[in-house]
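In these entries I record what I looked up in one structure. I took the cysteines before the contacts with DNA.

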Number of protein chains: 2
Amino acid sequence: MVTMRDIAKMAGVSHSTVSRALNNDPRISPKTTEKIRQVAEDLGYSLDIRGRVLAQGRTFTIGLAIPNITNEFFLPVIRGVEHKAAEFDYSLILCSTRADMRFELEAVRLMAERRVDGLIIAWTDDFEGIIGKLEPNKWPVVFIGNALEDSPYPFIDCDHRSGAYDAAKHLIELGHKHIAFLAGPLISIDAGERLDGYKQAVEENDLVPDMWEGDYTRSSGYTQGKKMLSCRRRPTAVFAANDWMAMGVMSAANELGIKIPEELSVIGFDDVAPARHLLTPLTTVRQPAQQMGRTAVRMLLENGKPKSKRVVLGTELVVRKTTHQAIEKR
Amino acid sequence: MVTMRDIAKMAGVSHSTVSRALNNDPRISPKTTEKIRQVAEDLGYSLDIRGRVLAQGRTFTIGLAIPNITNEFFLPVIRGVEHKAAEFDYSLILCSTRADMRFELEAVRLMAERRVDGLIIAWTDDFEGIIGKLEPNKWPVVFIGNALEDSPYPFIDCDHRSGAYDAAKHLIELGHKHIAFLAGPLISIDAGERLDGYKQAVEENDLVPDMWEGDYTRSSGYTQGKKMLSCRRRPTAVFAANDWMAMGVMSAANELGIKIPEELSVIGFDDVAPARHLLTPLTTVRQPAQQMGRTAVRMLLENGKPKSKRVVLGTELVVRKTTHQAIEKR
DNA sequence: CTCCTATATGCACACGGTTGCATGAATTGG
DNA sequence: CCAATTCATGCAACCGTGTGCATATAGGAG
């Protein structure tokens, strides 16, 4: 492998001159620079960034820890982070933590050892554990998702409450009177906020809440969907707290011969890719996942003066084909 | 930031002793080792892997260049690479090349500068360009996908031909006599092979091929689907060369009021997540994407003796709900 | 007591760049 | 023609860790 010292020898200069020439230092004469460039080219030189990294104290790398690569939901987050990082000429180190705290802490250790210039932790359950690991050396970190409103750590999340409110409002405006809500696991922060949004909308309009609990998986949507749709007075609309459960509900409705959207409106949350591609594409609330990724990178890298440590992004109601005017009551 | 020299000073030893102690060198006495461990702990020491990297000449990092993070199809590949790399205690640097050769070469340069221990290039169109960049320094590389059978470079792909053959055969065994094939863009290598597999199966059974060309996008599936299903004698089964196009065809059928699978069987290729989640889930040929990722890492990292430079994995026919016995001819 | 052998640790250099400061050469002004 | 200044380059230290070899100390055998 050819180094700057090799080039220096060939060009009859010192290796510091080579370094400066290749970095366009104006103090090196154009003639020398040109010569060095030429020799470098001839020898097939390739910069070894490891030297620079050690000398300059930066790694031009950021780390991203994602709970579960398997879940399509995180894909746009990764994309956002990758693209924004690339804009800054930064590389991305990706770790999947399998939603397991041990792996998560392991990933943090790994990235700290690599001295990444910044760390993005997505949807962790253990803020304190991570901060504890990072604290001794004050590594810069940004969290995405799962954020408490009064979190002392820099985070990015979206407004689940108002997103859920919008979704419920949408159904109400279509004339639905009986709107069931299929909640996520209520230990989770966003699940609680989404429930709140639903409740607020329903109560503001003098409707009675009808709450069921799932666990954000498709199969829980299916099971609970079967139950709620077999009730004597079944809802005319279901708001599922995420798309996976919404798809489970659709499955259940399908098996029960209930037509969507004519006989049942369904709305989800997140705007996950598979839901977009259904034959009757799902109406949902889009979480700006890609933008969340981009913003996280910006917060980490943008010239040191973070305007704010907390960012809450808005959501967007995406009306597609699964919501429909309520049928009149007989 | 506390370094080994700091620890050494505190513990009254030299930094080489610290290095050895922390690496469990048996030559350091248990007493000293324990003491050094303790001091390291007290000072909140964290290994800086950059030093090791430079000293040992390895980076414990592999690079993965993916054409397009946006496409869910690549997700299992990333997962496979990430998991396998983690098993080896390797980190993963991820680059999305936006299916643009310039970005691709840029990504290769970046990873080379970072001195990754191995490079995985997924579905490139420009093997020579990349090898040209890598050649001068003989960086280890493995390609995934888009492989020519006689490629001189180490690659992993799956057997598109036999996969397509299986798909067509499946339809034939269900009694279909008129099976349309919606091909991918025929410049692409796998598109050609899939077409060959289809042709072989159809001809072996004395059926007449009915070939249409798409471009692997959902919308091309929709457009061509509309056309082929509006023919006077429309096919009873469609084999789309990938899942996205299959979903387009299903959309078209849906709009034309053609019932799937009763009136039309549809089969895809790849087993992309959204196709799995349709209300009537798609029958398809699974490309072992995750395993391809894992294998690529293994080829790069496993103790230097690659058994073979070319791996062609098998595919798996996944029968779900979109294929059905052919209706009898009247 | 002396010699030999383990055992434990330190010294110094290596890895591949970057950078503050010094030095030598060339140019300019008087 | 000399001094002052600018310009181009080299020297050497540095970043944090790993490692071959030398050295110091202790323990055991004769």
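**Entry 1: cysteines.** I worked from a predicted model. I searched all chains for disulfides and found zero. I then asked why A:Cys95 has no such bond. The sulfur closest to that of A:Cys95 among the cysteines belongs to B:Cys95 and is 15 Å away, which is too far for a bond; a disulfide would need the two sulfur atoms within 2.5 Å. I also looked up how accessible the cysteines are. A:Cys95 has a relative accessibility of 10% and counts as buried. A:Cys158 is buried as well, at 3%.

**Entry 2: the surroundings of DNA strand D.** I noted 29 residues around DNA strand D. The closest come from both chains: A:Thr17 and A:Thr32, with B:Arg5, B:Ser19 and B:Tyr45. Sorted by class, this surface comprises 14 polar, nine nonpolar and six charged residues.

**Entry 3: helices.** I asked which helix gives the most residues to the surface near DNA strand D. It is H4 of chain B, with five residues. Among the other helices that supply at least two residues each are H2 (15-22) of chain A and H1 (4-11) of chain B.

**Entry 4: individual contacts.** I checked which part of DNA strand D lies within 4 Å of the protein: 61% of those atoms belong to sugar or phosphate, and the rest to bases. Two residues approach phosphate oxygens of DNA strand D: A:Thr32 with a polar side-chain atom at 2.4 Å, and A:Ser29 with a backbone N or O atom at 2.9 Å. For A:Ser16, I recorded a polar side-chain atom 3.1 Å from a base nitrogen of DNA strand D.

Note on methods
Residues are numbered from 1 along each chain as its sequence is written. Chains are lettered from A and ligands numbered from 1 in the order in which they are written. This is a predicted model: local features need pLDDT of at least 70, side-chain atom pairs count only at pLDDT 80 or more; totals for chains, interfaces and linings use all residues. Side-chain values use heavy atoms; hydrogens and water are left out. Buried means under 20% relative accessible area, exposed over 50%, partly exposed in between (1.4 Å probe, protein chains only). A residue is near a molecule or strand if one of its heavy atoms lies within 4 Å of it. A polar contact is a pair of N or O atoms within 3.5 Å; within protein, one must be able to donate a hydrogen and the other to accept it, and residues adjacent in sequence count only if both atoms are side-chain atoms. Helices (H or I, at least four residues) and strands (E, at least two) are DSSP runs, numbered from the N terminus. Ala, Val, Leu, Ile, Met, Phe, Trp, Tyr, Cys and Pro count as nonpolar, Asp, Glu, Lys and Arg as charged, and the others, Gly among them, as polar.
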